[in-house]
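This briefing introduces a protein chain and its bound ligand to a reader who has not met them before. Please keep the sequence and the model in view while reading the points below.

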Amino acid sequence: MKRAASGIIPVIAVDRNISQSLHRQIYDGYRSAIAGGSLRPGQRIPSSRALASEIGVSRFPVLNAYAQLLAEGYLESRVGAGTVVSSLLPDQLTSSGPAKARLASARSGPRPVARRSLYPRRVQASPWLLGWGAFGVGQVACDQFPLHVWSNLVARHCRSLDAQSLHYGNQSGFRALRATIADYLRTARSLRCDAEQVMIVSGSQQALEISARVLLDPGSPVWVEEPGYRLAQDAFVLNGCRLVPVPVDNEGLNVGAGIKRCPLARAAFVTPSHQYPLGVTMSASRRLQLLDWAQDTGSWIIEDDYDSEYRYESMPIASLQGLDANARVIYVGTFSKVLFPSLRLGYVVIPSDLVDSFITVRRAMDLGPPTFYQEVLADFIGEGHFVRHIRRMRVLYRERRSALVNSIHEELGSTVKILGGEAGMHLTVTLPKGKRDQEITERAARQNLWIRPLSPSYLGRVARPGFILGFGSTAVAEIPRAVRKLRKLLADE
Ligand SMILES: Cc1ncc(COP(=O)(O)O)c(C=O)c1O
């Protein structure tokens, strides 16, 4: 027989020293919890035995109080679910005056928050960040993920769970996964690292947050690419740093322009393998210039290598970290693109002398990553599924990318210019001056096209209009129709 789950025990104060009966006190406690909204319609209430034991009374007063609440319609019995708060409570009961008044008074005094948390988000709640479908940026081909393999590994790990697995894990992450990642990065991305330098994080975003806290002080200037990745900028701004936009040209970040603008920046944030959003690969000479600058000025470089596994026209480009003889690069990677984003696992490769500082900051945040999926992932990589998956996805994304490039040429011709289609899972098209990319994207979202506008990626006033088009989750057959819709939207502008 299925057992009804027990409800959460509400805070019911009973006082044996007052004249009011225990059952009345319990009844009043429930009634005011329901009226005040701390117990909601449909919510399960605890068994009489559980409540009696929790508040230290016999079951009789609890049973009496429950009987009265049932009789008056505050509670109802549901087959298989036990007793729940009635779903048909009159409105005047649940939105009672006193509860509203309490809420209002709680909001009336000064409510100071840190100034940096008021930093305005220009693209907050924009539709293109929310939808799933054609051209969604950051969306991977989830339907192609080998779920059966993953599920088998999950089941295997579930079966082998024991008391030891429930303890706190290593603050830097599961040792075997860190070793596997270090092997992968040394071989596939030419990094100079060992497992001790690898910290597992909940996606690159956490790596950026920890890096900012370790390396930067309030007011520290940080070079960021212009245009660039807004979520990285948010991590720096919310740590009190000053953003210094440095233009990106066809060789990547213009280091000379950065030196002119702010020679002593504390750090530079770069996406050298596949610049976000323009898709440029940083040239060898710019890489060396950037590393020299960092060494000369004692600055740090944060390298975000978010999708470099996917290159279509050439071999993957080696990392900047691998060129760095002076341990000035903090390397950030993620499984959001190569596996799937809800996994929330990524890694940061830390210069050896900074490892302890990263651990100190990380400990203050969350004491370390959850162990379970790290173990599953270590096996997924160790048993060869990871490399196999990347190989398959490279073929699939190459087809999608070609279909998109061809459709753009056919439908949009010379109206737009394609940038950065050699790698990753998105490309960017720029529009003639004067086109309003944000307005077009809002209209596109209404037609289930989740293109992202280019102009909000700029910090300065001079912003090129354009779109960032994801092709990771867009099937080849869907692409021509979606591009035709886009042509129509552009023509209507
Ligand atoms: C430039 C860049 N870095 C990193 C990421 C991935 O972030 P996370 O690992 O937090 O999912 C993205 C995702 O779209 C990105 O565009």
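A polar contact, as the term is used here, is a pair of N or O atoms within 3.5 Å. By that cut-off, Gln-205 makes such a contact with the ligand, since one of its backbone N or O atoms lies 3.2 Å from a ligand oxygen atom. The model is a predicted one. The points that follow begin with the chain as a whole, then turn to the ligand, the nonpolar cores and several individual residues.

**The chain as a whole**

- The chain has 493 residues, and 50% of them are buried.
- Its secondary structure consists of 16 helices and 14 strands.
- The C-alpha trace spans about 85 × 55 × 50 Å along its principal axes.
- The accessible surface of the chain is about 23,700 Å², and carbon and sulfur atoms account for 53% of that area.
- Of the contacts between residues at least 6 apart in sequence, 72% join residues that are at least 24 apart.

**The ligand and its surroundings**

- The residues around the ligand include Gly-203, Ser-204, Gln-205, Tyr-229 and Tyr-276. Also among them are Asp-304, Tyr-306, Thr-334, Ser-336, Lys-337 and Arg-344.
- Sorted by class, this shell holds 3 nonpolar, 5 polar and 3 charged residues.
- Asp-304 has an N or O atom in its side chain 2.6 Å from a nitrogen atom of the ligand.
- Lys-337 places a polar side-chain atom 2.8 Å from an oxygen atom of the ligand.
- The ligand taken alone exposes 400 Å², of which the protein buries 89%.
- Ser-204, one of the residues around the ligand, lies in helix H8, which covers residues 204-215. Ser-204 counts as buried because its relative accessible area is 14%, under the 20% cut-off.
- Leaving aside residues up to four places away in sequence, Ser-204 touches Val-332 and Thr-334. Thr-334 is itself listed around the ligand.
- Arg-344, also around the ligand, sits in the loop between strand E9 (329-334) and strand E10 (346-349). Its phi is positive, about 50°, although Arg-344 is not a glycine.
- Arg-344 is partly exposed because its relative accessibility of 38% falls between the 20% and 50% cut-offs.

**The nonpolar cores**

- In soluble globular proteins, nonpolar side chains tend to be buried together.
- The largest nonpolar core contains 62 residues, and the members that touch the most others are Phe-335, Leu-377, Tyr-397 and Leu-469.
- Helix H14 (residues 385-412) supplies the largest share of this core, with 10 residues.
- Not counting residues up to four places away in sequence, Tyr-397 touches Val-140, Ala-141, Tyr-310, Tyr-312, Met-425, Phe-471 and Gly-472.
- A second core is separate and has 29 residues, including Leu-215, Val-222, Leu-354 and Val-355.

**Thr-474 and Phe-135**

- Thr-474 is located in the loop between strand E14 (466-470) and helix H16 (479-492). Phe-135 lies in another named loop, between helix H5 (97-106) and helix H6 (147-159).
- A polar side-chain atom of Thr-474 is 3.0 Å from the backbone nitrogen of Phe-135.
- Beyond residues up to four places away in sequence, Thr-474 touches Gly-133, Ala-134, Phe-135, Arg-400 and Ile-479.
- Thr-474 counts as buried because its relative accessibility is 0%, under the 20% cut-off. Phe-135 is likewise buried because its value is 1%.
- The phi of Phe-135 is near 75°, a positive value in a residue other than glycine.

**Cis peptide bonds**

- The peptide bond from Glu-226 to Pro-227 is cis, with omega near 0°. Pro-227 belongs to the loop between strand E4 (221-226) and helix H9 (230-237).
- The bond from Tyr-276 to Pro-277 is also cis, and its omega is near 10°. Pro-277 is in the loop between strand E7 (267-270) and helix H11 (284-297).
- Tyr-276, which precedes Pro-277 in that cis bond, is one of the residues around the ligand.

Conventions
Residues are numbered from 1 along each chain as its sequence is written. This is a predicted model: local features need pLDDT of at least 70, side-chain atom pairs count only at pLDDT 80 or more; totals for chains, interfaces and linings use all residues. Side-chain values use heavy atoms; hydrogens and water are left out. Helices (H or I, at least four residues) and strands (E, at least two) are DSSP runs, numbered from the N terminus. Buried means under 20% relative accessible area, exposed over 50%, partly exposed in between (1.4 Å probe, protein chains only). A polar contact is a pair of N or O atoms within 3.5 Å; within protein, one must be able to donate a hydrogen and the other to accept it, and residues adjacent in sequence count only if both atoms are side-chain atoms. Contact means heavy atoms within 4.5 Å. A residue is near a molecule or strand if one of its heavy atoms lies within 4 Å of it. Accessible areas come from the Shrake-Rupley method with a 1.4 Å probe; for residues, only the protein chains shown count as cover. Ala, Val, Leu, Ile, Met, Phe, Trp, Tyr, Cys and Pro count as nonpolar, Asp, Glu, Lys and Arg as charged, and the others, Gly among them, as polar. A nonpolar core is a set of buried Ala, Val, Leu, Ile, Met, Phe, Trp, Tyr and Cys residues joined through side-chain atoms within 4.5 Å.
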